[in-house]
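Subject: Structure handover

Hello,

Here is the structure we talked about handing over. Please open it first, then read my notes below.

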Amino acid sequence: MTVIVLLVATVAFRLLGLLGVSRFDTWRVSAAHGLAVMLVMTASAHFVPGDVTFMPNYDDMVAMVPSFVPFPGLMVYLSAVLELAGAAGLVLERTRRPAGICLALLFVALLPANVNAAELGLEDVGSPLWQRVPEQILYIAIALWGAGLFGRRSADRPAAVDHERVPSDQGSGR
């Protein structure tokens, strides 16, 4: 479900770009915003009361936390806050790069909980391991790409103007 949200949001933002919304004029920025939408959705589940059963909830998230992690309830809330902060960071251009890097690290740190959920068979919150690891790699890649850490950034922004250089036919006084 999260991959679908990510893809649909990314395509929706890119379509807005094609319709003239300059903020979304590249796939890279659209993907960063799509990841932010997905993170808001996933983080919200951390705050859903345990008696809500139609979607993942706080109790499901606590069950995912490996036994070696102290204070599992606190870690669930902390990870939600970090996901929300990362989502906010992705939508702001000046914080997109550090947010992408921090989110990639967060996705690596959260992988043991996802592995634990798969091993315990927690179907409400976990994907099968063969699916979850590639998903996590996808999220890491999009966080880093959206942050501009790899890929062609030059296509995402206008070329720099060199004000020091004067064309030969204008600066010579002829």
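Leaving aside neighbours within four places in sequence, which residues is Leu-90 in contact with? Keep in mind that this is a predicted model. Leu-90 contacts Ala-32, His-33, Leu-35, Ala-36 and Leu-39. It also contacts Arg-96, Ala-99, Gly-100 and Leu-103.

Leu-90 belongs to the largest nonpolar core, which has 20 residues. Leu-90 is among the members that touch the most others, along with Leu-6, Leu-35, Met-38, Leu-39, Leu-103 and Phe-107. Five helices each give two or more residues to this core: H1 (2-18), H2 (27-45), H4 (72-91), H5 (96-120) and H6 (129-146). Another core lies apart from it. That one has 8 residues, including Met-61, Val-65, Ala-113 and Ala-117.

Now the overall picture. The protein has 7 helices and 0 strands. From the N terminus the order is α-α-α-α-α-α-α. There are 174 residues, and 39% of them count as buried. The accessible surface is about 10,500 Å². Carbon and sulfur atoms make up 66% of that surface. Take the contacts with a separation of 6 or more: 62% of them join residues 24 or more positions apart.

Helix H5 deserves a look of its own. Does its length agree or disagree with what its 25 residues should span? At 1.5 Å a residue they should span 36 Å, and the end C-alpha atoms are 35 Å apart, so the length agrees. H5 does bend, by about 35° at Leu-110. A proline, Pro-112, follows within four residues. Just after the helix, Gly-121 has a positive phi of about 70°.

The buried residues of H5 include Arg-96, Asn-114 and Asn-116. Leu-103, Leu-106, Phe-107 and Leu-110 are also among them. Their cover includes H2, H3 (58-64), H4 and H6.

Next, the record. An unreviewed UniProt entry annotates "transmembrane region" at residues 6-24, 31-48, 68-92, 99-117 and 137-155. I looked at two of these spans in the model. Residues 31-48 are 83% helix and 0% strand, with end C-alpha atoms 26 Å apart. Residues 68-92 are 80% helix and 0% strand, and their end C-alpha atoms lie 35 Å apart.

Three single residues to check on screen:

- Ile-4 sits in helix H1. Its relative accessible area is 52%, so Ile-4 is exposed. The C-alpha atoms of Ile-4 and Met-38 are 8.9 Å apart, although 34 residues separate the two along the chain.
- Thr-42 sits in helix H2. Its relative accessibility is 17%, so Thr-42 counts as buried. Not counting residues up to four places away in sequence, Thr-42 touches Thr-2 and Glu-83.
- Phe-71 lies in the loop between H3 and H4. Its phi is near 50°, a positive value in a residue other than glycine. Is Phe-71 buried or exposed? At 60% relative accessibility, Phe-71 counts as exposed.

I would start with Leu-90 and its contacts, among them Leu-35 and Leu-103. Then follow H5 to the bend at Leu-110.

Best wishes

Terms used. Residues numbered from 1 in each chain as written. Predicted model: local features only at pLDDT ≥ 70, side-chain atom pairs only at ≥ 80, totals over all residues. Heavy atoms only, no water. Buried < 20%, exposed > 50% of the residue type's maximum accessible area, 1.4 Å probe, protein only. Contact = heavy atoms within 4.5 Å. Areas by Shrake-Rupley, 256 points an atom, 1.4 Å probe, with all protein chains shown as cover. Core = buried A, V, L, I, M, F, W, Y, C linked by side-chain atoms within 4.5 Å. Expected span 1.5 Å × (residues − 1). Bend = angle between axes of the 7 residues up to and from the residue. UniProt positions renumbered as here; feature names shortened; annotations may be inferred.
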